[in-house]
Amino acid sequence: MDKDLGSPRVVVGVTGGIAAYKVATLVRLLVKAGIDVTVIPTPQSLSLVGRTTWEALTGHPALTEVTDDAAGVAHVRIGTHADLVILAPATANTLAKMRLGIADNLLTNTLLVAQCPVLVAPAMHTQMWENPATRDNVETLRGRGIHVMEPDSGRLTGEDSGKGRMPEPEDIAEQAFALLGMRSDLAGTRVAISAGGTREALDPVRFLGNRSSGRFGIEIAKKLLARGAEVRLVAANVETALLEQVRGARIERLSSTAQLHEAMDAAAREADVVIMSAAVADFRPKDVASSKQKKDGSASRILELVENPDILADLGHHRRRENQLIIGFAAETGDERGSVVDYGRRKAQRKGTDLTVVNEVGDATGFGDVSTAITVLDSHGQTVAQASGTKAQMANVIVDAIAERIYAAGGEGSARDYTR
Ligand code: CTP
């Protein structure tokens, strides 16, 4: 899987076991980690958990038959595009079909087509699990490289108990993350991140703004989610299509600098890490007209501006929580008085950040453009990372630098001190 091509895609195949209801929790955990999940229920399983549940949780149709979405060739498309297929709960019946290559519904078709790893979470009565037929099927499937988890022991569907319970959703999710190459080293870390660019109204239809698309912040949010962080994304004028890529984050949409300041102030009070990746308008019009301004015949107009507060400097110098890690950006072009990194260093000191991501911007680089070069500085202006490439690759470098700082500060059992 190339993680930089977007969110990992996972197919969750649900078969007709009573544990199907627990798979709703599994799907939520996957979605929360930024994974693009599609559920394929078997027709029998729909009497246990309905299609609507799966569609609402994933945002994708939950198809069951080979003939569903024939025009889109769903029975081939879904399996070939998947990075991982999870079968949960997997009944003895479906395990037997898998072994034989029977393709009698969309799920079993998808299993035949999939080239990616397959993770199986069995759920059945102890006798069925221990039956020589099932043992033989499981051995054969494992021999083919299918990851068949051991069922848990405990209370089964009826009065009986024994081995055969579906593994807990959290355990299945953990295995899935491992198979997808996702780390969960930021699990429990709460991050507030701003993205996009603020706009300052001139009148009801016009504004002063900038060309920031928000893509960099979105890429960083995706990487954070993939590593288990809890992400609150404060999005200033970011296109809906981009925001839809960030599954699992709490998203707040707003427009002006004043709104962004208020939202980041609130978010920072509950965050371990604060990232200001939004391009903030430094000035706003002194007066905002309440009706659309007309051409009044004069050849020119003077626009009076007032300076906006510096949100990052406020968050950096007046920490909302102890031991909070503050990350700022410095978009620079450099000039005869200093290089891109010189200016970044001065900005880091002025704003009181723990890490500063300096990136070069100009007509052809930085904004919206896919490729970028960054230097990450610490609070002393020392370079801790330097790299260039796509924004998705740079997002990885930044998240690595954040994780490193968190781990350097957080010894086992000790209070974390992210700052230095
Ligand atoms: N920033 C902010 N509030 C502002 C201006 C900028 O929080 N009013 C934050 C940005 O989100 C970014 C960092 O400060 O993380 C640097 O932004 P940048 O536009 O590079 O710097 P400015 O402070 O605007 O400085 P200058 O325009 O003089 O380069």
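Me: UniProt positions follow the numbering used here, with shortened feature names, and its annotations may be inferred rather than shown by experiment. Up to what C-alpha distance are the "binding site" residues spread in space?

Reply: This is a predicted model in which local features need pLDDT of at least 70 and side-chain atom pairs pLDDT 80 or more, while totals for chains, interfaces and linings use all residues. Residues are numbered from 1 along each chain as its sequence is written, and side-chain values use heavy atoms, without hydrogens or water. The unreviewed UniProt entry lists D282, K292, P309, D310, I311, L312, F329, K347 and K351. They span 70 residues of sequence and, between C-alpha atoms, reach up to 37.3 Å.

Me: Is K292 buried, partly exposed or exposed?

Reply: K292 sits in the loop between β14 (283-285) and β15 (305-307), strands being DSSP E runs of at least two residues, numbered from the N terminus. Beyond its neighbours within four places in sequence, K292 is in contact (heavy atoms within 4.5 Å) with D203, P204, V205 and R206. Buried means under 20% relative accessible area and exposed over 50%, with a 1.4 Å probe and protein chains only. Because its relative accessibility is 44%, K292 is partly exposed.

Me: How far is a polar side-chain atom of K347 from an oxygen atom of the ligand?

Reply: For L312, a backbone N or O atom lies 2.7 Å from a ligand oxygen atom. For F329, a polar backbone atom is 2.9 Å from a ligand oxygen atom. From the side chain of K347, a polar atom approaches an oxygen atom of the ligand at 2.7 Å.

Note on methods. Helices (H or I, at least four residues) and strands (E, at least two) are DSSP runs, numbered from the N terminus. A polar contact is a pair of N or O atoms within 3.5 Å; within protein, one must be able to donate a hydrogen and the other to accept it, and residues adjacent in sequence count only if both atoms are side-chain atoms.
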